[in-house]
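These entries record what I looked up in the structure, topic by topic.

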Amino acid sequence: MADFAIPTIRTFQVFPDIPQPLQPLVDMAQNLWWCWHPDAVELFRRLDRQAWETAYHNPIKMLGSLSQQRLKEASEDNSYLAHMNRVYGWFQEHLKEEGWFHKKYGDNKMSVAYFSAEFGLHESLPIYSGGLGVLAGDHLKSASEIGLPLVGVGLLYRNGYFQQYLSGDGWQQEAYPELDFYTLPIEPLRYTDGSAVRIRVDLPDNAVFCRVWKASIGRIPLILLDTNLQENSPADRDITSRLYGGGTEMRIKQEIVLGIGGVRALDALNMPVNVWHMNEGHAAFLALERIRVLLEKHSTFTFDEARQQVMATNVFTTHTPVPAGIDMFAPDLMLKYFKSLIPSLKLDEEGFLALGREDLSNKKQGFSMAVLAIRLADSINGVSWLHGDVSRHMWHNIWPQVPPSDVPIKYVTNGIHARSWLSQENADLLDRYLGEAWRSDPCDQSVWENVNQIPDEELWRAHERSRERLVSWTRQQLKDQLVKRGGSYDEIATAEEVLDPEALTIGFARRFATYKRGALLLRDPDRLRRLLTDAKRPVQFIFAGKAHPADNEGKELIRAIVQFARSADIRRRIVFLENYDINIARYLVQGVDVWLNTPRRGMEASGTSGMKAAANGVLNCSILDGWWVEGYQPDLGWAIGRGETYTDANMQDTIECHSLYDILEKQIVPLFYQRTADRIPKEWIARMKNCMRVLAPRFNTNRMVQNYTEMFYWPSHERGAELANDELKRAVALAHAKDQLRHRWGGIKIVAVHTSGNGHYRVGENMQVEALVDLPDINPQDISVEMFFGPISATGQIEQPQAMKMRHSREMGPNRHLFVGNVACTTSGRQGFAVRVLPGYPDLATPFEPGLILWN
C-alpha cells in the first residue's frame, strides 16, 4: 500500500513557559558557551539529572521537557538563582571582554569566514563525524576566547552522521535518526520584516533553496545551511540530510551548497568578510563564487585579474596525507554542474577544468577539490610539521622543478580546546595551583610550569576518580548495548562486572580506517591474552570508533575486536563501546591511563585525541606520526619505532606489533605498577606532570588560532586590502605582471655562471658567484636570481638547502644582466650550489609560481 501523505499540514511551535527569574537560563542554553564551562553544565544538570541525561545533555530539549512545577521551584530557590546569576555574569563578561586579538591588533575591519563540512561542538549538536569536525568546533571556541572576528559556515544535516550499533556477531550497523532542529541550540535567521533568510543555489536542472540557521559559540556565529524545504524536490531536500552520505553526485551537490551557498548566505546576512578559510577542500567552490561576484561587479576584469584578489584573501588547510582521501570529480560531472557558471567566470570549459587538475597536460584527469583550493589560495598549510612535509611532496607536481622543501605549503600544528576536554578534577587542580592564568592564557608555558607544584597524591587521586567514573559509566553503556542487541541474561550480568577501576587502562578510540590499524594488537593474540589475564598486574583495553558505512575492511577490524573480547577468560578486560562521539571521547581521554595510537607513519596528518588525553595527564604510546613527532619526549610518553618507513606493509605490521608489545611488557606495565609504600606510582605521576606541563600549552587551539591569525589571517587581510585599493589597481597589475612573465619566461637564459677561486676554500672564506642572465624585455626588478646551496649528499643532491638572493650588478648589454652573490664557507666538507631564476614582482605572495622557475 502506498504511503499516505496529508495534503496540507499547518505547523505551530510550543515553547516552554520559563518563569521570569530563570530567563538567563534560556540565553545561556541558546549559546554553546555553556558546554566548556562546568559550572554552566552543572546549572542545567541541577534542574533534573535524569532529564539532563535523557536529553543527551541538550539544555534546550531538557528545558522543554521539565514540568512547570519544577521550573517554578527552581525560580524560587535562592541557592539556585545565586548559582545561575554567578554563571550568567561570567557569560556576559565573556561576550564583552577584549581578548588577545584586540590587544594585539586593536580596532580594525578584519573579518574571517571559516568554512568546514562539519563542526563538532558538543554531542547535543551531532553535525560532525570525527577529528576534522571536532577540530573545527575547537577552532570556533578558541576564536571566541581570543576575541577573533570570525564566522563559521557549514551545513545543517538533519540526520547528522550515522549512529553506530553492532549486530550479534559484532558487525557495524548504521542508523540515521532525524534531528529536531527546534530542540537544538540553533535558531532560524530572519530579516527585519520577519521573513526567513533564504538563499538560492543553481543546479543543472533547477534551483535549490536553503534556509539559513545560526548557532552561537560564545561570541562566534556559526551559519548553517539547510535544504530541507518544501520548495525543493525530494532529492534536493536530501542534500543536507547526511554528512558524507550518498555517492559522488550527492557529494558535489553538498559542496556546491557549502561553498557557493555559504558565500551567498554571508552576503544575504550582510556579514562583510575579507579573509576566507577553507578547512579542507570540501568548501573550495567558494573561491569560484567569489571570483564570479567580483567579475559581476567589475565587468571589464578578466578571470585572472579577479583571481589575484580572491587568492590573496583565501586560506586553505589540507588535512589529508594521501591523494586517495581527496574529493575527485569526473570532468563530465563538473561540466554538468558548472556549465552555466563557466561563462560568468570568463573561462572556457578547458580553462575551468584545468583549475582542478594536478597535471595540466592530462585532460582525462579528474577534478580535485584540493587542487582547486591550492590554485585559488595564496596561503596553504598542513596540520603538523610532518604533514607539512608530506603535503609538500604530495603536491610537488603542481610546482614542477621546485624542490619539495620550497613548495609553498606551510604548517600549523593542530591543537585542542583544553577546557572542553579537561576533567573537572583536573580543572580544579589547575585552578588551585596555576590560578586563573591557565584559562586566560593557556599558551603560556611559564604558567604550566606550576603543574610541578601539584602534590603527587592529589593528582593521582584526581586521575583515579576519572578512571573510576569511566569504568562505572562503561559498565552501564555495555549493559545498555547488550539489552538493545538482545543479549542473554548472563551476558548482561557480566557487563556489570567488566573492567577493574584500579587496573592499568589503555584506550584506543578513533575512526576505524584500515591505515589506523585498530586491530594491530590482534596480530599476536597469545601475547595479548597473557597481558589481559595477568592477575598480579592486570591490563585492560577500551576500544571505540566508527568505520565509514562503505568501508567493509574497517568494519572487519571492529568485528575482530568484538569477537576476540567474547572469550570467557578475557571478556572482563576488553570492551568495545558503540557509537563513538564527543561524550564518549570525554570519558575516555579523562579516565584511561595510556592513549594508544598505531597509524601507518605518514598517514596520520595530525591526530588530536592524543592531545586531549595528554592535557589530562594521560600518557601517549604512539607511532611517530602526526603531532606525536613534535610532542614526543622519552619522559612523557612512548614511541613505537623510530619513524622508520617500510615497503612491505605486512612486515611493518609484524615489526611494529612486536615493538608495541615490548613497550607494554617491559616499560608501561612495570612502571604503572611500581608503587611506593603509600601505593602511589611516583615515576608514573612524574610523567603525567611532564605530559601536562610540556604538551598542554603547545597543543591547544588558542595557540593554533593565534598562529593562523599571525601567519595567514592578518597578512591576508593586509595584502588583500592593498591589492583592492583604487578599484583593485594592484590586483590587476599583478595579473598583468604574471601574464607578461609567462609569455616571456621561455626567453630567459642563464648564459654563464662563474665562481671566484679554484673550487677549494677554507672555513671562514667567501666564495663569490657571478651569473650572466638574459632577460628579454623583462625588468630585472621583476625577477629574482638566487643561489641554492648546501652540503652534497652521497647521491649527489643538495641536502638542507639554503637560498640566497643575488644582487643585480649591472647591465652587460641589451637584455643581458650580471648578478653577483657571496656564499660564506662556514662548515667543511663537500658543498654544492646551483643558480635559479624566479619571479620577483613585489606583490607576489610567493616567488614560486607554477611553471616559472629556471635552473642553470
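Before turning to the first hairpin, I note the rule applied: two strands count as paired if DSSP finds at least two bridges between them. The model is a predicted one.

**Entry 1. A hairpin**

I looked up strand S3 (residues 163-166) and strand S4 (residues 172-175), and found them antiparallel and joined by four bridges. Within this pairing, Tyr165 stands opposite Gln173 in S4. I then examined the side chains of S3. Gln164 and Leu166 point to one face and are buried, whereas Gln163 and Tyr165 point to the other face and are not buried. This agrees with the general rule that side chains of a regular strand alternate between the two faces of the sheet. Five residues lie between the strands of the hairpin, and Gly170 takes a positive phi near 90°.

**Entry 2. Strand S18 and its partners**

Which residues of S18 are buried on each side? I found Val594 and Leu596 buried on one side, and Trp595 and Asn597 buried on the other, so that both faces of the strand (residues 594-597) are covered. Strand S15 (residues 504-509) runs parallel to S18 and is joined to S18 by two bridges. Gly507 stands opposite Trp595 in this pairing. S18 also pairs in the parallel sense with strand S19 (residues 619-623), here over four bridges. Val594 stands opposite Leu619 in S19. I traced the chain from S18 through helix H26 (residues 609-615) to S19, and this β-α-β crossover is right-handed.

**Entry 3. An antiparallel sheet**

I recorded an open sheet of four strands in the order S24-S23-S27-S28, with antiparallel pairing. Strand S24 (802-805) and strand S28 (854-855) are the edge strands, each pairing on one side only. Strand S23 (residues 783-791) and S24 run antiparallel and are joined by four bridges. Glu786 stands opposite Lys805 in S24.

**Entry 4. Aromatic rings**

I searched the whole structure for aromatic pairs and obtained 35. One of interest joins Phe508 and Phe543: the ring centres are 5.8 Å apart and the planes stand at 45°, so the pair is tilted. Phe508 belongs to strand S15 and Phe543 to strand S16 (residues 539-544), and the pair links distant parts of the chain, 35 residues apart.

Are these two rings buried or exposed? Phe508 has a relative accessible area of 2% and Phe543 one of 3%. The cut-off for buried is under 20%, so both residues count as buried. Arg510 lies over the face of Phe508, at 4.8 Å from the ring centre.

Elsewhere, I noted that Arg242 lies over the face of Tyr176, at 3.5 Å from the ring centre. I also noted a cluster in which ring pairs link Trp460, Trp638, Phe672, Tyr673 and Trp684.

**Entry 5. Nonpolar cores**

Which residues touch the most other members of the largest nonpolar core? Of its 159 residues, these are Phe115, Phe285, Phe338, Trp395, Trp399 and Tyr713. Helix H30 (residues 701-744) gives the most to this core, with 12 residues. Another core, of 98 residues, lies apart from the largest one, and among its members are Leu588, Ala614, Leu619 and Leu695. In soluble globular proteins, nonpolar side chains tend to be buried together.

I listed the contacts of Trp395, leaving out residues up to four places away in sequence. Trp395 touches Ile326, Glu358, Ser368, Ala370, Val371, Ile374 and Ile409.

**Entry 6. Two buried polar residues**

I looked up Gln308, which is found in helix H12 (residues 303-312). Its relative accessibility is 5%; the cut-off being under 20%, Gln308 therefore counts as buried. Not counting residues up to four places away in sequence, Gln308 touches Leu723, Ala731, Leu734, Ala735 and Lys738.

Where is Glu123 placed? Glu123 sits in the loop between strand S1 (112-115) and helix H8 (131-146). With a relative accessibility of 3%, Glu123 counts as buried. Leaving aside neighbours within four places in sequence, I found Glu123 in contact with Tyr56, His57, Tyr128, Asp581, Ile582, Asn583 and Arg586. I also checked Glu123 against Lys666, which is 543 residues apart along the chain; their C-alpha atoms are separated by 38 Å.

Key
Residues numbered from 1 in each chain as written. Predicted model: local features only at pLDDT ≥ 70, side-chain atom pairs only at ≥ 80, totals over all residues. Heavy atoms only, no water. Buried < 20%, exposed > 50% of the residue type's maximum accessible area, 1.4 Å probe, protein only. Right-handed = clockwise from strand over helix to strand, strands pointing away. Phe/Tyr/Trp six-rings, centres within 6.5 Å; stacked < 30°, edge-to-face > 60°. Lys NZ or Arg CZ within 6 Å of the ring centre and 35° of its normal. Core = buried A, V, L, I, M, F, W, Y, C linked by side-chain atoms within 4.5 Å. Contact = heavy atoms within 4.5 Å.
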